[in-house]
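Please read this explanation with the model open beside it, and turn to each residue as it is named. The paragraphs below begin with a single side chain and go on to its surroundings and to the chain as a whole.

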Amino acid sequence: MLAPPNACRYVVAPAIDTAVPSQLARLAMEHPRASCIVVEGRYSHVSFLLNPAPLVLNVFDVVPPFPSKLLDQVQRVLDMAEDLPPIVAVPSFVDSREELERACNPLPAEVLAPCRGAGVDITGANVSFLDERPSKRDWILLGCERSQQIHRWFYGSTAPIVDICPNRFLDGRLGGAQTIARCCLIQEGVEERSRATYVPWGASLAEVREAIDRIVRKVGVPWTRT
């Protein structure tokens, strides 16, 4: 016997692909009292997960824009990966607008964000976007070292900056072996550092998948609790 009847939960979930462990794990987390979850999912296929012990993957990102691109990419990878162990993605976000408010009192009249795609909208401030190379103003740069490098290239000087580099926020609470994050200074590929496993800011799904593979190998993920 793997589990007695009173420890099992039978769930009908037509949207769940029972061949994908992370989809089963995500559903199992909704039923924490069941040691064995039996799922009738897509195509009427039935499978089960016993004593779920998924890897909790910390997905750290700076927002806006919403939704977080990195979280969306991680979830898309996990929703398709039949060969990965059970993984549950848990978002950890820093809002760049809140960081600006903490650093500047009062708020500056002019703010320079890295790109229009960042979706930054700050009440009471005129927001310009570095990728559009606007006429230089007396602004605060809401960005990171890469943004500052581009600013020096465009305008020949550095700008006062509120640094929103993810590495600033990753520590023992948010960062570590089970964390994936983005970095503007990475052009391509994946980098393993002490605070996180990093992908480029414009990472491809293949790079996100490689980062998850590395985390799984480093951490070691059991398929179930013993």
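In this predicted model, a convenient place to begin is Gln73, which lies in helix H2. Gln73 counts as buried, because its relative accessibility is 5%, and the cut-off for that word is a value under 20%. If the neighbours within four places in sequence are left aside, the residues in contact with Gln73 are Ala203, Ser204, Leu205 and Val208.

From this residue one can step back to the chain itself, which has 226 residues, 49% of them buried. Its secondary structure comes to six helices and 12 strands, and its C-alpha atoms fill a box of roughly 70 × 35 × 30 Å when this is taken along the principal axes. Of the contacts between residues at least 6 apart in sequence, 56% join residues that are at least 24 apart.

Helix H2 appears again when one looks at helix H1, which spans residues 21–28. Seven of the eight residues of H1 are buried, so this helix is largely enclosed by the rest of the structure. Those buried residues are Pro21, Ser22, Gln23, Leu24, Ala25, Leu27 and Ala28, and they pack against strand S1 (8–12), strand S2 (36–40), strand S3 (46–50), helix H2 (69–80) and S5.

Strand S5, one of those partners of H1, covers residues 87–95 and holds Ser92. With a relative accessible area of 14%, Ser92 is buried, because the limit for a buried residue is under 20%. Its side chain is joined to that of Asn58 by a polar contact of 2.6 Å. The C-alpha atoms of Ser92 and Val56, which stand 36 residues apart along the chain, are separated by 12 Å.

Another serine, Ser128, lies in strand S7 and is likewise buried, with a relative accessible area of 7%. A polar contact of 2.8 Å links the side chain of Ser128 with the side chain of Arg137. Not counting residues up to four places away in sequence, Ser128 touches Glu110, Val111, Leu112, Ala113, Pro134, Arg137 and Trp139.

Strand S7 also leads to the nonpolar interior, where the largest core has 24 residues, and Leu100, Ile122 and Leu142 are those with the most contacts inside it. At least two residues of this core come from each of strand S4 (55–63), strand S6 (110–113), strand S7 (126–129), S8 and strand S10 (179–183). Leu100 can be followed outward to its own contacts: leaving aside neighbours within four places in sequence, these are Leu107, Pro108, Val111, Ile122, Ile140, Leu142 and Val162. A second core, separate from this one, has 21 residues and includes Leu70, Ile87, Ile212 and Val216.

Where is there open space in the model? The largest pocket contains about 470 Å³ of space. It is lined by 22 residues, and the closest to its centre are Pro114, Cys115, Ser147, Cys184 and Trp201. Strand S8 (140–143) and helix H4 (145–155) each supply at least two residues of the lining, and the largest share, three residues, comes from H4. Sorted by class, the lining of this pocket has 15 nonpolar, four polar and three charged residues.

Some details of the backbone remain to be pointed out. Most residues other than glycine have a negative phi, and most peptide bonds are trans. Against that background, the peptide bond from Val63 to Pro64 is cis, with omega near -5°, and the bond from Pro64 to Pro65 is also cis, with omega near 15°. Pro64 lies in the loop between S4 and H2, and Pro65 is placed in the loop between S4 and H2 as well.

Positive phi values occur at Ser44, where phi is about 65° although the residue is not a glycine, and at Asn51, where phi is near 45°. Ser44 is found in the loop between S2 and S3, while Asn51 lies in the loop between S3 and S4. The relative accessibility of Ser44 is 55%, so Ser44 counts as exposed, whereas Asn51, at 21%, counts as partly exposed.

How values were computed. Residues numbered from 1 in each chain as written. Predicted model: local features only at pLDDT ≥ 70, side-chain atom pairs only at ≥ 80, totals over all residues. Heavy atoms only, no water. 1 Å grid on protein atoms, 1.4 Å probe; cavity = no way out; pocket = protein on both sides within 12 Å on 5 of 7 lines; lining within 4 Å. Points joined across faces, edges and corners; volume = space filled by probe spheres on them. Helix = DSSP H or I, 4+ residues; strand = E, 2+ residues; numbered from the N terminus. Nonpolar A, V, L, I, M, F, W, Y, C, P; charged D, E, K, R; others polar. Buried < 20%, exposed > 50% of the residue type's maximum accessible area, 1.4 Å probe, protein only. Polar contact = N/O pair within 3.5 Å; in protein donor to acceptor, adjacent residues only side chain to side chain. Core = buried A, V, L, I, M, F, W, Y, C linked by side-chain atoms within 4.5 Å. Contact = heavy atoms within 4.5 Å.
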